[in-house]
Structures are given as C-alpha cells and as structure tokens.
Amino acid sequence: GHGAGALSFDGKTAGAGVFTVPAGWRVEMHFRNADAAPHSALVVRAVQPVPLTPGPAAFAGAESERPEVGLGSGAQDRFAFVASQPGSYLVACGVPGHATAGMYLRLVVSAEAAVPSFR
C-alpha cells in the first residue's frame with residue numbers, strides 16, 4: 001500500500017527488503033492489499049531501471065491473480081513457485097507504473113544459502 005508517500009510492501013520501498021531463499025526451494029507468498037488502489041505481487045528478473053510493466057513472472061506460478069490489473073482493496077491471494085534458478089529477482093507490483101514508483105522488494109535465489117532469510 002501507500003506508506004510515507006511511496007508505493008510499498010509493508011512500508012518497504014524500492015528494494016529495501018531483501019528475501020534470500022535457497023535455490024530449489026518451494027516458496028509460498030501470501031499477498032493482501034491494504035491500500036485503496038489495486039495492487040498485485042509477482043516475481044520478475046531484476047533489471048534497472050524497473051520497467052513500467054515488470055512482467056512476465058520469472059517462475060511458473062510466481063504471481064498473484066491478474067497482476068497487471070491487481071487485486072482491489074482488502075483482497076488477498078496466495079501463490080507458490082519453485083525458486084529453480086539462482087539469481088537476482090524482484091517481488092514487484094504488476095500494476096503498470098507501480099514498481100517503477102518503488103513498489104518492489106528484492107529476492108535473491110542463492111545456490112549457497114542453506115536457509116531462507118529476510119533483511
């Protein structure tokens with residue numbers, strides 16, 4: 001939602017939050033839109049600058065429903081995927097312009113990590 005005047009996930013904006021997961025792990029994401037505007041969540045390859053439309057999903061199933069339209073206020077969804085390829089990714093809002101405005105977190109799929117972490 002909107003936090004401190006910026007589009008954010010739980011108040012974290014522009015990649016300030018970093019999830020690390022071991023390669024090959026199954027990841028389940030629970031997404032709830034607490035904002036008045038529609039939002040979504042999907043996992044995409046990390047590129048800079050973040051494009052207006054960040055899709056397509058980097059892994060099969062790594063997106064909330066209708067990511068470019070988004071879920072309405074109060075709606076929730078959950079999705080799961082296997083983080084099969086090591087690399088740098090974003091958990092981004094798929095509504096055009098939202099990720100560009102800072103609505104994304106970072107996701108690192110690590111071949112070295114033994115356990116997931118968030119910082």
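**Close-up 1. Gly-55 in the loop between strand 5 and strand 6 of a predicted model.** The loop that holds Gly-55 runs between strand 5 (42-45) and strand 6 (76-82); helices (H or I, at least four residues) and strands (E, at least two) are DSSP runs, numbered from the N terminus. Residues are numbered from 1 along each chain as its sequence is written. In this predicted model, local features need pLDDT of at least 70 and side-chain atom pairs count only at pLDDT 80 or more, while totals for chains, interfaces and linings use all residues; side-chain values use heavy atoms, with hydrogens and water left out. Gly-55 has a relative accessible area of 35% and is therefore partly exposed (buried means under 20% relative accessible area, exposed over 50%, partly exposed in between; 1.4 Å probe, protein chains only). Leaving aside neighbours within four places in sequence, Gly-55 is in contact (heavy atoms within 4.5 Å) with Leu-42 and Val-44. Gly-94 is 39 residues from Gly-55 in sequence, and their C-alpha atoms are 6.6 Å apart.

**Close-up 2. Ser-64 in the loop between strand 5 and strand 6.** Ser-64 is buried because its relative accessible area is 2%. Its contacts, neighbours within four places in sequence left aside, are Phe-31, Ser-40, Ala-41, Asp-77 and Phe-79.

**Close-up 3. The two faces of strand 6.** In a regular strand the side chains alternate between the two faces of the sheet. On one face of strand 6, Asp-77, Phe-79 and Phe-81 are buried; Gln-76, Arg-78, Ala-80 and Val-82 point to the other face and are not buried. Strand 6 runs antiparallel to strand 4 (residues 26-32), and seven bridges join them. Opposite Phe-81 stands Val-27.

**Close-up 4. The largest nonpolar core.** A nonpolar core is a set of buried Ala, Val, Leu, Ile, Met, Phe, Trp, Tyr and Cys residues joined through side-chain atoms within 4.5 Å. Val-43, Phe-81 and Leu-107 touch the most other members among the 22 residues of this core. Strand 4, strand 6, strand 7 (87-92) and strand 8 (104-110) are the elements that give two or more residues to it. Another core, of seven residues, lies apart from it and includes Leu-42, Val-50, Leu-90 and Ala-92.

**Close-up 5. The open sheet of five strands.** The strand order is 5-7-8-3-9, with mixed pairing; two strands pair if DSSP finds at least two bridges between them. Strand 5 and strand 9 (117-118) are the edge strands, each pairing on one side only. Two bridges pair strand 3 (residues 18-22) with strand 9 in the antiparallel sense. Ser-117 in strand 9 is the bridge partner of Thr-20.
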